[in-house]
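Trainee: Before I rely on any label attached to this chain, I would like to see each one set against its definition.

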Amino acid sequence: MALNVVMLERGTRYPVPLPNENFLYHCSGVKFELKLGDGYPGNSNAHKSPSGTAFVSNQRIVFLPKTTTHENSTNTGAVNSFTIPHANLRDSKFVQPLFGANRFEAQTVP
């Protein structure tokens, strides 16, 4: 798992593929939220991002917000990019509530 370190192809908003990586799907208008900690008050932290694009490859999931600025990187709650290998995902599920937007939830292993 890596926060704010995704490399982009020159002049585009697409992530640079890893060796033997193929991007299978991408979706725009995605909102991202990362919750860290064990849920105990004082031990938790949250990172949120405005809408962006999620990329799914055969090796990882990548999120890039629609706009990324240098100023966002100094804000502790801002997310400029996020990537996580599929091997680090645990207890993943796709939630389809009756009211509200669909979402993907997962636990991660650091």
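The conversation below takes up confidence, strands, core, charged pairs and backbone in turn.

Mentor: This is a predicted model, in which local features need pLDDT of at least 70 and side-chain atom pairs count only at pLDDT 80 or more, while totals for chains, interfaces and linings use all residues. Residues are numbered from 1 along each chain as its sequence is written, and side-chain values use heavy atoms, with hydrogens and water left out.

Trainee: How do you know what confidence the predictor has in the protein chain, and which element has the lowest mean pLDDT?

Mentor: On the pLDDT scale, which gives the predictor's confidence in each residue from 0 to 100, the mean for the protein chain is 83, and 86% of its residues reach 70 or more. Among the elements, helix 1 (residues 70–74) has the lowest mean, 50, whereas strand 4 (residues 60–65) has the highest, 91. Where pLDDT is low, the predicted coordinates should not be read in detail.

Trainee: What makes a run of residues a helix or a strand, and how many of each does the protein chain have?

Mentor: Both are DSSP runs numbered from the N terminus, a helix being H or I over at least four residues and a strand being E over at least two. The protein chain has 1 helix and 7 strands, and from the N terminus on the elements follow the order β-β-β-β-α-β-β-β.

Trainee: Why are strand 1 and strand 2 said to stand at the edges of the sheet?

Mentor: Two strands pair if DSSP finds at least two bridges between them, and 5 strands form an open sheet with antiparallel pairing in the order 1-5-4-3-2. Strand 1 and strand 2 each have a single partner strand, so one side of each is left without a neighbour in the sheet. Strand 1 and strand 5 are joined by 2 bridges, and the bridge partner of L3 in strand 5 is F82.

Trainee: What makes a set of residues a nonpolar core, and which residues make up the largest one?

Mentor: The term requires buried Ala, Val, Leu, Ile, Met, Phe, Trp, Tyr and Cys residues joined through side-chain atoms within 4.5 Å; buried in turn means under 20% relative accessible area, exposed means over 50%, and partly exposed lies in between, with a 1.4 Å probe and protein chains only. The largest such core has 7 residues, namely F32, L34, F63, V79, F82, I84 and L89. Strand 2 and strand 5 (82–85) are the elements that give two or more residues to this core. Of the 110 residues of the protein chain, 25% count as buried.

Trainee: Why is the pair E21 and R60 called a salt bridge?

Mentor: The definition asks for a side-chain nitrogen of Lys or Arg within 4 Å of a carboxyl oxygen of Asp or Glu, and the closest N and O atoms of E21 and R60 are 2.8 Å apart, so the pair meets that limit. Because E21 lies in the loop between strand 1 and strand 2 and R60 in strand 4, the pair ties together parts that are 39 residues apart in sequence. E21, at 7% relative accessibility, counts as buried, and R60 is buried as well, at 8%.

Trainee: How do you know that K93, R103 and E105 belong to one network?

Mentor: K93 forms a salt bridge with E105, with closest N and O atoms 3.7 Å apart, and this pair links K93 in strand 6 with E105 in strand 7 (residues 103–108), 12 residues apart. The side chains of R103 and E105 also meet in a salt bridge, at 2.6 Å from N to O. Salt bridges that share partners thus join K93, R103 and E105 into one network. K93 counts as partly exposed at 46% relative accessibility, as does R103 at 40%, and E105 is partly exposed with 28%. The search of the whole structure finds 3 salt bridges.

Trainee: What makes the backbone of N20 and D91 worth a remark, and are these residues buried or exposed?

Mentor: Phi of N20 is near 60 degrees, a positive value in a residue other than glycine, and phi of D91, also positive, is near 50 degrees. N20 lies in the loop between strand 1 (2–3) and strand 2 (23–36), whereas D91 is placed in strand 6 (residues 89–95). N20 has 71% relative accessibility and therefore counts as exposed, and D91, at 65%, is likewise exposed.
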